[in-house]
Amino acid sequence: SRSCRRSINCTAGISATPVIEKNFGNTAGDRTRAAAVLERNLLYAALNCGMAGAPIEFGVNDGPALRGAVQFDYALSRIAQREGKDELRALVLETKTPEGSALRVLGRVGRAGAVAWIQDPRESWSRAFDLKAHPAEITDATITLPGLSEGKYDVGWLDTWSGRIVHRETYLAPPRHVDKPLQPVLLRAPPFHRDIAVMIVPAEN
């Protein structure tokens, strides 16, 4: 909601140390990779469960992470306002790339748009805690989402770590044919490490 986004922005400059970070001995000067991975995974899992206040609850206080979380939450709120939050459905998928890499997909979908977080389950906090090397970059991921109502949509791919939109595209949802379901949305993700998010919202023009 708008009030929640204001609250998130107001807390951006406040130092906050959630319990999760304390358990890993994580401070502003000692941001371990394991704590960062765990925090990010929990944050986007919570956002996809509809917890709009997750950036506050998890104490996200670094600029890039906060920008990414706010953009994701804003896209979700736009869809909910168009469709009604009770009409949004949870999306939980497990898929594989052509090269055999497993991916986990969590999201919220409706007929007026969708948001989803695509995560490489190999990049877990326990792997990071053991100082294992980063898994190889995912370069060939595609995801299939439920169909959208006819119209033009803006698609943005979000690097959750930098808070930047790394790729934009347009999706044109075709009209629905009588007695047939909506055409599924097939998207190809840009190359990514660890995780990436996608936001599909009605085009503004």
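Start by selecting aspartate 179, which counts as exposed at 79% relative accessibility. Here exposed means over 50% relative accessible area, buried means under 20%, and partly exposed lies in between, using a 1.4 Å probe and protein chains only. Before moving on, note that this is a predicted model, where local features need pLDDT of at least 70 and side-chain atom pairs count only at pLDDT 80 or more, while totals for chains, interfaces and linings use all residues. Residues are numbered from 1 along each chain as its sequence is written, and side-chain values use heavy atoms, leaving out hydrogens and water.

**Two loops**

Stay with aspartate 179: this residue sits in the loop between strand S6 (164-173) and S7. Helices (H or I, at least four residues) and strands (E, at least two) are DSSP runs, numbered from the N terminus. The phi of aspartate 179 is positive, near 65 degrees, in a residue other than glycine.

Next, select arginine 194, in the loop between S7 and S8. Arginine 194 is not a glycine, yet its phi is positive, about 70 degrees. With a relative accessible area of 25%, arginine 194 is partly exposed.

**Strand S7**

Now select residues 185-188, which make up strand S7. Which side chains point to the buried face? Val185 and Leu187 do, whereas Leu186 and Arg188 point to the other face and are not buried. Add residues 142-145 to your selection: this is strand S4, which pairs with S7 in the antiparallel sense over four bridges. (Two strands pair if DSSP finds at least two bridges between them.) One bridge to look for joins leucine 145 to valine 185 in S7.

**Salt bridges**

How many salt bridges does a search of the whole structure find? It finds two. A salt bridge is a side-chain nitrogen of Lys or Arg within 4 Å of a carboxyl oxygen of Asp or Glu.

Select arginine 78 and glutamate 204, whose closest N and O atoms are 3.4 Å apart in a salt bridge. Arginine 78 is in helix H5 (residues 63-83) and glutamate 204 is in the segment after strand S8 (195-202), so the pair ties together parts 126 residues apart in sequence. Arginine 78 is buried at 18% relative accessibility, but glutamate 204 is exposed at 62%.

Then select arginine 122 and aspartate 120, which meet in a salt bridge at 2.8 Å, N to O. Arginine 122 is partly exposed at 34%, and aspartate 120 is buried at 1%.

**Last stop**

Finish at aspartate 73, in helix H5. Is this residue buried or exposed? Aspartate 73 is buried, with a relative accessible area of 3%.
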